[in-house]
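Here are some worked exercises to go through with the structure open beside you. Try each task before you read its solution.

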Amino acid sequence: MSEQTIYEGMTERGISRRDFLKLATVITAALGLEYSQVPRIAHAMETKTRLPVIWLEFQDCAGCTEALTRSLDPYLTKLLFNDISVDYHETLFVASGKQAEENKTKIMEEYAGKYVLVVEGSIPMKDKGIYCTIGGRSAEDILMEAASNAMAIISVGTCSSYGGLPQANPNPTGAVGVRALVKDKPVISIPGCPPIPEVITNTIAHVVLLGELPELDALGRPKAFYGQTVHDRCPRRPFYERGQFAETFDDEGAKKGWCLYKLGCKGPTTYSACATIKWNGGVSFPVQSNHPCIGCTQPNFWDGGGLYNAISAPPGAEAASGINAGIATVGGAALAVGSALYAKKVKQKAANAFQTQKNADKEA
Amino acid sequence: MLSPEFIRGPLFKFSLLIFILGMVYRFFRILFMGWKKDYAPPRGSAWGGIIKTYTKSLIFLPFLPPKFPSARHRPLTYVAGGLFHVGLFAAIFLLAPHIETWRTLLGFGWPALPTPLVDGLAVVAIVGLITLASNRMINPVTKMLTGPADWLNIIFVLLPLITGWAMYHHIFGLNYTKLTNLHLLTVNWLLIWTPFSRISHFLTYFITKTMHGAKFGRLGVEP
């Protein structure tokens, strides 16, 4: 089974050469590659054997998996489940308990250095990781074991990329992302809460088919999908430029589709392909549906100062700034009066000394 | 690397409090400097003098170059300095994102200018300030009058302007988040630096102007 190439597996299922080449073209386009790369993709599928993907879940809500299963890109999803094969996935597989774990160990041994590890959810580090255990083993332990022999690691979702919601202040479980733990392997981050399904499938397919990492940005995100901000590609951008903003969710501006900056849109600081690939098969995305971008592909977005406050509004400033400003004002005034009084005293002293000297001179 | 939450949050708050404390100190220190009592009988109204000097030298004369002394004597300083101040004012007070900052701090906002217009005015401010700095280097008189503190003032004002402009245009090969961090760091530093430097003339100018108007008004002379 393991020696069969992806192409052979497809011909076995009755897919013709012609359809195979069509599929290769579609996949090339879906990966965001140029038309000239079609032969490369076809060649990869002809020569590469089926590669297993191990999908681990830690402190997550399975929302990224939910998103993946709703990917409306049939070719890549089919490719992922039929030919690339996700061999271990806690939410999706039928097996459970010891059998499933044994299967995972078998794959990790058989495909050592070849399988792709996908991680969903953050890893708790506080109190020896007791906040997330599977079969008595901590999440860190399971991750490090699986990562040690993986070809590459893909962290799906904001939680596994940076820590996400579990890491939000006060971070009770000491949650961290994969990148904080795995230092010796390439880690690709696909942040988002959840990420765009097509971005997940495309990135996994890219790594598995081409056996190389896509071009990444400073945070380890594929540049093809995280190269531009939501703001850069926003259909409401002209309103931002003109200074036409919706002030509330139901005012005239909101009805006219004006910019949502003042309602807390994080589009300008958020790198994601939401405005171009969109969601639900290209139907819409938050800003198009009259809701500001919450910035879910960026680190620490939960602690960024409120989902409905403008980006330029300093976080937490409204809470105590009045009192602090008052203290600073009174303090500054007191300091000034004190220093003025002191200066007066010094001056008076100097004047007295001068007078005494003058009198003494007179007497002499 | 400092996190943007820290720079925008606690660090910004700290810088702002230093700024307020420092400026309030400067204000009251000048007020309680020990002014000599004027025993002469007033020949005119002090308030009248204040109103007159503001109307004349802040609202009308700067826009009538032939009547404005500094426009005649130092045309370059007049044009570059004037444009710099207009651009800086627009960038700080009339850019929509900045008004949101003010709204958070003050609890109220005001209408903004269109962003591309403020973008242009910010460029005007940058060019104006660079022109003024070059003039300081070339002109022998200003060259002698310029000390290290003045150069630092120019640099510290120029940095937030340039980083702010760069983040709007996403340039210099840095991403928006990094440029935002740089912009906020430079702004925080400018806030801390201001009370200790001559940039505090944004406040002391008005103290001088008021005192000048009041004195001249009391003496019954044209301020």
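Helices (H or I, at least four residues) and strands (E, at least two) are DSSP runs, numbered from the N terminus. Keep in mind that this is a predicted model.

**Exercise 1. Unusual backbone in chain A**

Task: Find where A:Lys128 lies, and work out whether A:Lys128 is buried or exposed.

Solution: Start with the location: A:Lys128 belongs to the loop between strand 4 (123-124) and strand 5 (133-134) of chain A. Next, look at the backbone, where phi of A:Lys128 is near 55°, a positive value in a residue other than glycine. Most residues other than glycine have a negative phi. Finally, count neighbours: 11 other C-beta atoms lie within 10 Å, so A:Lys128 is exposed.

Task: Now do the same for A:Asn171, a non-glycine residue with a positive phi.

Solution: The phi of A:Asn171 is about 50°. A:Asn171 sits in the loop between helix 9 and strand 8 of chain A. There are 16 C-beta neighbours inside 10 Å, so A:Asn171 counts as partly exposed.

Task: Which residues does a cis peptide bond join at A:Pro170, and which at A:Pro194?

Solution: At A:Pro170 the partner is A:Asn169, with omega about 10°. The loop that holds A:Pro170 runs between helix 9 (164-167) and strand 8 (175-176) of chain A. At A:Pro194 the partner is A:Cys193, and omega is about -5°. A:Pro194 lies in the loop between strand 9 (187-190) and helix 10 (197-210) of chain A. For background, most peptide bonds are trans.

**Exercise 2. The overall form of chain A**

Task: Decide whether chain A is a compact globule or more spread out than one.

Solution: First take stock of the secondary structure, which comprises 15 helices and nine strands in chain A. Then compare radii: chain A has a radius of gyration of 30 Å, well over the 21 Å that the globule rule gives for 364 residues, so chain A is more spread out than a compact globule. The principal axes fill in the picture, since the C-alpha trace of chain A spans about 125 × 55 × 35 Å along them. As for the interior, 43% of the 364 residues in chain A are buried. Last, consider the contacts in chain A with a separation of 6 or more: 72% of them are between residues 24 or more positions apart.

**Exercise 3. Two helix pairs in chain B**

Task: Classify the packing of helix 1 of chain B against helix 9 of chain B.

Solution: The axes of helix 1 and helix 9 of chain B are 8 Å apart, at an angle of about 15°. Angles under 35 degrees count as roughly parallel, which makes helix 1 of chain B roughly parallel to helix 9 of chain B. The crossing of helix 1 and helix 9 of chain B is left-handed. To locate the contact, look among others at B:Leu11, B:Phe12 and B:Phe19 on helix 1 of chain B, and at B:Leu184, B:Leu185 and B:Ile192 on helix 9 of chain B. By class, this contact of helix 1 with helix 9 of chain B has eleven nonpolar, five polar and one charged residues.

Task: Repeat the analysis for helix 2 and helix 10 of chain B.

Solution: The axes of helix 2 (residues 46-60) and helix 10 (residues 201-219) of chain B come within 6 Å and cross at roughly 130°. Helix 2 and helix 10 of chain B are therefore oblique to each other. Their crossing is right-handed. Among the residues that meet are B:Trp47, B:Gly48 and B:Gly49 in helix 2 of chain B, and B:His212, B:Gly213 and B:Phe216 in helix 10 of chain B. The residues of this contact between helix 2 and helix 10 of chain B divide into six nonpolar, seven polar and three charged.

**Exercise 4. Where the chains touch**

Task: Which element gives the largest share of the side of chain B that touches chain A?

Solution: Begin with the totals: 32 residues of chain B are in contact with 36 residues of chain A. On the side of chain B, the elements that give two or more residues are helix 1 (4-31), helix 5 (96-106), helix 6 (115-138) and helix 9 (176-193). Helix 1 of chain B gives the largest share, 13 residues. By class, the side of chain B that touches chain A divides into 17 nonpolar, ten polar and five charged residues.

How values were computed. Residues are numbered from 1 along each chain as its sequence is written. Chains are lettered from A and ligands numbered from 1 in the order in which they are written. This is a predicted model: local features need pLDDT of at least 70, side-chain atom pairs count only at pLDDT 80 or more; totals for chains, interfaces and linings use all residues. Axes are lines fitted to C-alpha atoms, for helices over the stretch in contact, and angles run from 0 to 180 degrees between N-to-C directions. Angles under 35 degrees count as roughly parallel, over 145 as roughly antiparallel, 65 to 115 as roughly perpendicular and the rest as oblique. A crossing is left-handed if the near helix is turned anticlockwise from the far one by less than a right angle, and right-handed if clockwise. Two residues are in contact if their C-beta atoms, placed from the backbone, lie within 7 Å. Ala, Val, Leu, Ile, Met, Phe, Trp, Tyr, Cys and Pro count as nonpolar, Asp, Glu, Lys and Arg as charged, and the others, Gly among them, as polar. The radius of gyration is taken over C-alpha atoms; the globule rule is 2.2 Å times the number of residues to the power 0.38. A residue is buried if 20 or more other C-beta atoms lie within 10 Å of its own, exposed if 12 or fewer, and partly exposed in between; C-beta atoms are placed from the backbone.
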